[in-house]
Structure formats: C-alpha cells, structure tokens
Amino acid sequence: MSSSTIDTATATAASTTADATGTPNVMEIRNLTKRFPVGGLFDKREVHALEDVSFTIPRGQVVALVGESGSGKSTTARVLARLIQPTSGQILYQGRDILKEEPRRASLHYRNEVQMVFQDPFGSLNPAHPVKYLLERPLKIHKTVHGSDAIQRRVEELLDTVGLRPGSEVKEKFPYELSGGQRQRVAFARALAVEPKVLLADEPVSMLDVSIRVGVLNLMERLKEDNGISFLYITHDIASARYIGDQTNVMYAGRMVESAESRELIDAPAHPYTKLLLSAVPNPHAGLRTDEHISRGEIPSLVNPPAGCPFAPRCPHVMPECREAMPGITHIGPRHWVRCYLHGKGDASIDGTSAAATAAD
Amino acid sequence: MASTTTTTTTTTPTSAAQPRPAEGAASSPRRSDHAAPLIRVQDLKVEYLSSRGPVRAVDGVSFQLKPGEVLGLAGESGSGKSTIAQAILRILQPPAVITGGSVLFGDQDVLSMSDEELLAFRWRDVSMVFQSAMNALNPVMTVGMQIADVIMAHEHVSRSQALARARELLEIVGIEANRIDSYPHQLSGGMRQRAVIAIALALRPPLMIMDEPTTALDVVVQKEILAQITELREQLGFSIIFITHDLSLLVEIADRIAIMYAGQIVELAPARELFTNPLHPYTQGLMSSFPALTGPRVKLTGIAGSPPDLRTPPSGCRFHPRCSKRMDICSQVVPQFAEVRPEHWVSCHLFPESTPPLANARRAAEGATR
C-alpha cells in the first residue's frame, strides 16, 4: 500500500524550486532561521535553534524529521504552526508566502489548515473537561459545523475516525479515564476536527507504551491514505520514520544535513551524522558492536556556535573547510540531498546562510 | 514458603548521606561463590494500597540471577518492573507494601532485614542506577563529592581518600578526572548518566539494578553508555538486572530476558532464544510492535487494547482480553509458568505444560477470581 504512494512521490520528484501554482508541495520551507536571545544587557548572545532550514512537504505524504534532542525538530514544528515567530526565512503554504501575508499572527484560515499534535497527551488535553468539550471547541471556534446536533454528530464521527468506539460513550469520558494511547487518539481527533490539510505531529508516539505505538502510527498512515492529509512527523526513532515516512530529513544542531526517500536514507546514508545515527540504533540482529568506532560527544552548544559544519567536532572525516563554512545542498539522487563537503561544496544559491545572518538583527 | 512480610521503608539510597552502618553485618556473598545464584526472588507480591482497594502491582514473580549475569526485565509502564527493583532494595514508598514471597541475596533474607542490616545491604551488595540522572544527582554538590559521600558513608576512609577513589571511578566510567569538581548542570546528559553509574559502582557491589538507565538519552549517547556498561561488566564481573521497555535494547545487552505483563512474568528465556522464538502471544505482539530498520517494510499490527486496570485484573490469563489466540480456557484458568523448552519458560495455555492438571483446574480458577 505504501509502495504505491512512494511511486507517485518519485514521479512528482523533489524540487525545492517548484513554484506557486501547480506545485506538488503543500508546504515549502526556505532558509528558515530561528535565534533565541539569551544573556543580559551587556552580554547579548543567541541560541541558534534553527539555521537555514529548507525542505518541502509534498501533498499527501509523510515527511519525517529525525534528530537528537536539541537538534531543532520541535522548533521547526512550532514555527510552522506559527506558535513562534522565525527570525528569517520563508514558509510557502500552497504557494502563498505566509510570513509575508500574515506577518503578526497566523490567520484563522491558516490555523485551520495546519494543525499540530503534541508529544504528551497527558499535558495537551485539558483534564477538567470531558472529551466532547475538547472536540467541540475547535468546531465552535472555526465555525465549521453549526447546530448542537450536528456538532455532536461530528464529535462522534471524529472519534470513530481515530478508532475510539463507541463515540457516544467515549465523548462523555474525561482524559484521566483514558489510556495514553486513547488520549493521543483524542488529540488527533481534536486536530482533525477542523479538517486540516497538514498535521504537524511532534513525537506523537514517544510517550506511549510500545504495544500501542504502532496503532497510532497506523492511524496516521490511514489518515494520509483516506483523508489525503500531509504530515510532518517528528521523531528521534529513525526506524519509525522509515515505517511511515515517505521522505526523511535529518537534523543536527539546528541544521538540516540530509534528506532522502526514507528507505534510501537508511540503505545509502550520505552524511557522516546520519551514518552515526543509524549505527547507534539498537539492532537485535547484530548484537552490540562495541568494537567499531564510536564517536564521542554530543550536540555542541547552540549559543553563538563557531562557523562551519556543526558536526565537524565529532566527524571522523573532518577536513579544514568543514570548520570554515557550512556547505550548501548537494543533490546526489532524485530525492536525495546532503550538506557535506565529502559530497561537494553544494549549491550556494540554495544556501541562504548569508541572507539569514543579515536578517538576524 | 511465602512468609508474609509487610515492609515500609522511607529511606532511599540516592541520598547516600546515611549514617554509617554497623560493622560486621552479616557477610554478603561476593563473587567467590559461583555455583549458587546471587539473588533468588520467589513468588514476590507487592500491593499498592489505595482507597479503592489494593492494586497488586507485582503478583507472584520468581526469578534467579547467577553471578555475572545480565537479566533483562522488559514490560510496559505499569507492568511492575520498577516495583520489583524497589522491592529488592526495599525502598518502596508507603502505599506500596510487600505482601508476600521472599528475596534471598545469597543466604540473607532481604525481606526480614532490620533497618541496620538494610543500610549495609543497600549499595554495598546491590546498587541502583536510576532513569533520570538529573533527578538522581544532587544539583548543589559536585559529582566528586557525591561519589565520595557514598564511600564515606559505608567505609572508614578520609575525605581525601574517598575523593581519590571518586577520581578513579570517574575515569572508569569514561569521564576525565578533572571533572571531579563539576556540578551536575555543567555536565552533558550522557556524562551525568555516567556519573550516576560511577556512584552505583563506588562500593563494587556484586549486583547493580539499572532502571531504564538510557531512556532519557539520545540514541548515540545510549549506545555509548551501553557499550560502557558492557565493558565494565566484563572487567568487574558484576551482575545486572536491566529494566527497560525497549526490547531491542535488551537483545543486545542481556543474557536472559523476562517479559512482564500486568505484574507477572509471562515469559523468560535466553535473550537470543526469546528474540528468535518468542512463545507467548504478548511477547510476539511486542516483537511486532517495533518497526525494523532493515528488511522489507511490512505493516505492523501491534497489540489491540491496552494493559488492564490492576485493581480488577482479568480472570484467568491476564492477557486474554487482548490476545489474538484466545481460547475458552484462557479466561477461566490461570496458566502456570512452565519450562516448555530448555531454559525457556512461559505461562500460556497454548502449551500443555502451562495448563494445570484437570484436578487443579477448578482450584486454579477459584484462585484467579479471589
């Protein structure tokens, strides 16, 4: 089933340069940069949470974002949901430059079309209200359904969509009466209430018990197939990214370092960090390989980081130029690109580091 | 056998600042003893007393651990795996009480130890590595002092001697000795977890319990820590009870794996055997809950439903409401934990060894509904 979607995906091909109308991409993110100020009056420093992040979300696909904690995955989702304002960069939604058209805050329309599901279903559902209240709210705010009977019907329909049956019973329950998996399904139902085109799912299964994770992943797959929803799936579990992700993007220290069709990323990783990440995944087939080279260290501090590739301090293949400037995007396959000097200097026109830097203040 | 002991203890071994234990407490089995099991847990029962009736979090768990062995304890949240760890160290907090069974460490009965004996037993015989290093470490004390504190609490040594050993321990776990004066917030997540391991190693205990030691860490760091643990165990030869919800991790590090469900061990086997030939439907379900990194991309099914409320556990086999291979007997008769293949134990009616003889069936059914 998923193979067919991959075929259509390859047919549409990746083109970060594809333009406004007729684009296969529901979302296109260009040179997104987010810096958080830290420190005091005379000690102004910045956390470089996102640096020059560009990627696309093709219509009806699941794009996975993998990386360690602190790599900028969640910041990306929050910027796309317009919960935080980026320092610079562009978000093209259906070809519209959203940050330009709606600079201060997102319109109701945008919030309607781009919804978010959070990691912790214990924190994201208001414990004081029953499920039906939680699901009625978006319907009333966005005025998508009118009349209390119609609203109740819609609430039950939503619960049915996410596999919580019978809806007439479940809607009367409070969050504490539901298991973690059921709560996360309610969180999905709430996001679906306004019939979004894009769902930003930030680690939606990492707080859930292993035996119910697959159920939620399969739910996402079904929403993609049946409702044509496009997903940004954020995870630290690269195996689950392969399971439901059509395309997988790898982030490291606020940078996107590699992007490829999910299977290719795992079979033929190009960036040294992707290779490191893959070698660290527990693999029951192989046993613990303690003999191989293990790169010591963790993500560097993002406060005023030095120039160059952030992975350079840990990289086994580090070269002098790595410490001078971040390489641009080098395409090494139809839907596969990497930012690493091992594969080339990259395309400077796509690399917007300098533009981002000037826009910083 | 099941001498009913009720224990509540409020001291925790994380705050190592305990009074010195009485010298000459019963001698503990050190690594010299090879034949006998290091620790023997028999029919352990732990209940959480709640206003809505007791919750039996651990219900009749038995296992043994040989010296130098790594036993993996896997299960979902609420399956009782951490409760077992806390029962072995007797650090359960009040609403939780041990209501039955025995824990034998060598020839010592842990459940009948006095408070003084416990002070000597904890950390010297069995130490623990907790999940969240940030919470396990004291934020206002240098890591060096925290390690030295453990040593000084248990042994007659000067502060400078203790600090010298703290330095050695840091190097053993892969932290530069000059970090001895660092505070926890100055260390990265991986280094903090290494420091916690150093504290657990301080007295060279023959058994370490590790409760989700890498869950809060990123995969790359997790891999480093696991490699470090494996290396240390090869050097020092201690045993480990390794608790986690991540089965794929256990296959890499454990010699044997016990799978827990709703307070009971449902399957126990050597790691590779369990991975290649899981017998219990729950274990099989868990195995099909992990997307694989390699091989064909297949649709996974996971396990339908969710774990039961332990106040009212299902009759018969506790897994039967979620089981795809459910039979009539499953809801009526509690399956027995039986060795169905060499060293491979399982409690499931799919295996005749697990079904008690007919004469016992009625009694077992009554026992289940009790």
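How many residues lie between β1(A) and β2(A) in their hairpin? I looked this up first and found six residues between the two strands. In the turn, A:G39 has a positive phi of about 85°. I note here that the model is predicted.

**Entry on the hairpin strands.** I followed the pairing of β1(A) with β2(A) and found an antiparallel arrangement joined by 10 bridges. Within this pairing, A:K34 stands opposite A:L50 of β2(A).

**Entry on the sheet.** I then traced the sheet of chain A, which is open and has four strands in the order β2-β1-β4-β5, with antiparallel pairing. Its edges are β2 (45-58) and β5 (96-97), each of which pairs on one side only. I checked the other end from the hairpin: β4(A), residues 88-93, is antiparallel to β5(A), with two bridges between them. A:L92 has A:D97 in β5(A) as its bridge partner.

**Entry on burial.** I asked how many residues of the edge strand β2(A) are buried. The count is 11 of 14, so β2(A) is largely enclosed by the rest of the structure. I also recorded that helix α2(A), residues 73-80, lies across β1, β2 and β4 of chain A and runs at about 70° to β2(A).

**Entry on the contact between chains.** I examined where chain A touches chain B and found 33 residues from chain A and 36 residues from chain B. On the chain A side, the elements giving two or more residues are α10 (210-227), α11 (238-244), α12 (262-267) and α13 (272-280). The largest share, six residues, comes from α10(A). By class, I recorded 15 nonpolar, 11 polar and seven charged residues on this side of chain A.

How values were computed. Residues are numbered from 1 along each chain as its sequence is written. Chains are lettered from A and ligands numbered from 1 in the order in which they are written. This is a predicted model: local features need pLDDT of at least 70, side-chain atom pairs count only at pLDDT 80 or more; totals for chains, interfaces and linings use all residues. Two strands pair if DSSP finds at least two bridges between them. Two residues are in contact if their C-beta atoms, placed from the backbone, lie within 7 Å. Axes are lines fitted to C-alpha atoms, for helices over the stretch in contact, and angles run from 0 to 180 degrees between N-to-C directions. Ala, Val, Leu, Ile, Met, Phe, Trp, Tyr, Cys and Pro count as nonpolar, Asp, Glu, Lys and Arg as charged, and the others, Gly among them, as polar. A residue is buried if 20 or more other C-beta atoms lie within 10 Å of its own, exposed if 12 or fewer, and partly exposed in between; C-beta atoms are placed from the backbone.
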